[in-house]
Amino acid sequence: MTTQRIRLALQKSGRLSEDCFDLLARSGIKVRRHKDQLFCHSENFPIDILLVRDDDIPSLIIEHVCDFGIVGMNVLQETTLSKNAHDYSDLVEPIRNLNFGYCRLSIAVPSDYEYERIESLSGKSIATTYPHLLQKFLSTHDIDAKIIELTGSIEIAPRLGIADAICDLVSTGGTLAANHLKEAETILHSQALLIKARPTFTPEKQRIANLFMRRVQGVLQASESKYIMLHAPKDKLQQIVAILPGVEHPTIMTLDGDPTKVGIHAVCSESVFWETLEKLKDAGASSILVMPLEKMLM
Ligand code: PRT
Ligand code: ZN
């Protein structure tokens, strides 16, 4: 019997590609990539990868050509609206956010545009590659504006006299500033997410899919978590444990030679900020160590 394999759609080249391959590597999935190849296989995990434009990824999952895909929420939501679907989860199964590819879809206007509130866009023209998301936003706010659909270089549309405003992705804001534009409204906050096709898999394929999802989950959970070790006065134990973010069952140990204190080891499932460490110190904690986690299997 040949082993079943799962198929994953990734962006061939672009802003998501490197992070996607990095995620696979951290999940222990070895993939050899060749330039200009549309398909690649893993040698140590039953997964094949289809390399495509990011805009094609939602449809490949919706039409069951691929079992999994990684795509920006912006592309997923635009595709969903273009297919007249109510919600993206009607078309694909969202598995989880991946903590990369962060950006926002915003409306921007020329720096000297007297923008006060959303009504300032009434009767204006807005250039975008996201006509459905923009239309939904305008309709929700009861604004009648003309949408001009372009395929690229949106940011130069106002300077060329093609449109009064633009609606495009923003990450650092550098492109807007370089083109003398200012952000007026944010339509959507986006990041990359792992999505799965809706059909029922065979038991063997489901087993592989579960293994894949568990690996990705383990990598992300580990990168979101920290291992913390500290000493605490026995009479402050409750108070100190309460400060630890996302800790359910800390390990409490006696300390050799100091009966007044205990050692606490715990996995914090939420970010540990300097402010948290300062609060721990103020509460009496000492010898505080925070360490990254590499892998987690709960
Ligand atoms: O060829 P293909 O269709 O696959 O690629 P593409 O050119 O359509 O997409 P690509 O690689 O630019 O982006 C892929 C995905 O990355 C997007 O769909 C988003 O989910 C995510 N992403 C994150 C971004 C950005 N940040 C981003 N800053 N996508 C595009 N931009 C562009 C934006 O359009 C603008 O031109 O970067 C510019 C603004 O960046 P700042 O940093 O100057 O604000
Ligand atoms: Zn694209």
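This passage describes the zinc site, the aromatic pairs and the charge-over-ring contacts of a predicted model.

In the predicted structure, the zinc ion (ligand 2) is coordinated by the OD atoms of Asp 54 and Asp 55, at 2.1 Å. The angles among the four donor atoms of this zinc ion run from 75 to 169°, and the site is classed as irregular. Of the coordinating residues, Asp 55 has a relative accessibility of 38% and therefore counts as partly exposed.

A search of the whole structure for aromatic pairs returned three. One of them is formed by Phe 68 and Phe 212, whose rings are arranged edge-to-face, with 5.0 Å from centre to centre and 70° between the planes. This pair connects distant parts of the chain, since Phe 68 belongs to strand β4 (residues 68-72) and Phe 212 to helix α7 (residues 203-224), the two being 144 residues apart. Phe 68 and Phe 212 are both buried. Tyr 113 and Tyr 115 also pair, and because their ring centres are 6.4 Å apart with the planes at 40°, the arrangement is described as tilted. Tyr 113, at 14% relative accessibility, counts as buried, and Tyr 115 counts as buried at 17%. In addition, Phe 68 and Phe 212 join Phe 45 in one aromatic cluster.

Positively charged side chains were also examined in relation to aromatic rings. The charged end of Arg 33 is placed over the ring of Phe 21, at 3.8 Å from the ring centre, while Lys 205 lies over the face of Phe 201, at a distance of 5.3 Å from the centre of that ring.

Conventions:
Residues numbered from 1 in each chain as written. Chains lettered and ligands numbered in written order. Predicted model: local features only at pLDDT ≥ 70, side-chain atom pairs only at ≥ 80, totals over all residues. Heavy atoms only, no water. Donors = N, O, S within 2.8 Å, 3.2 Å for Na, K, Ca; no water. Tetrahedral: all angles 85-135°; square planar, octahedral: opposite > 155°, others 65-115°. Buried < 20%, exposed > 50% of the residue type's maximum accessible area, 1.4 Å probe, protein only. Phe/Tyr/Trp six-rings, centres within 6.5 Å; stacked < 30°, edge-to-face > 60°. Helix = DSSP H or I, 4+ residues; strand = E, 2+ residues; numbered from the N terminus. Lys NZ or Arg CZ within 6 Å of the ring centre and 35° of its normal.
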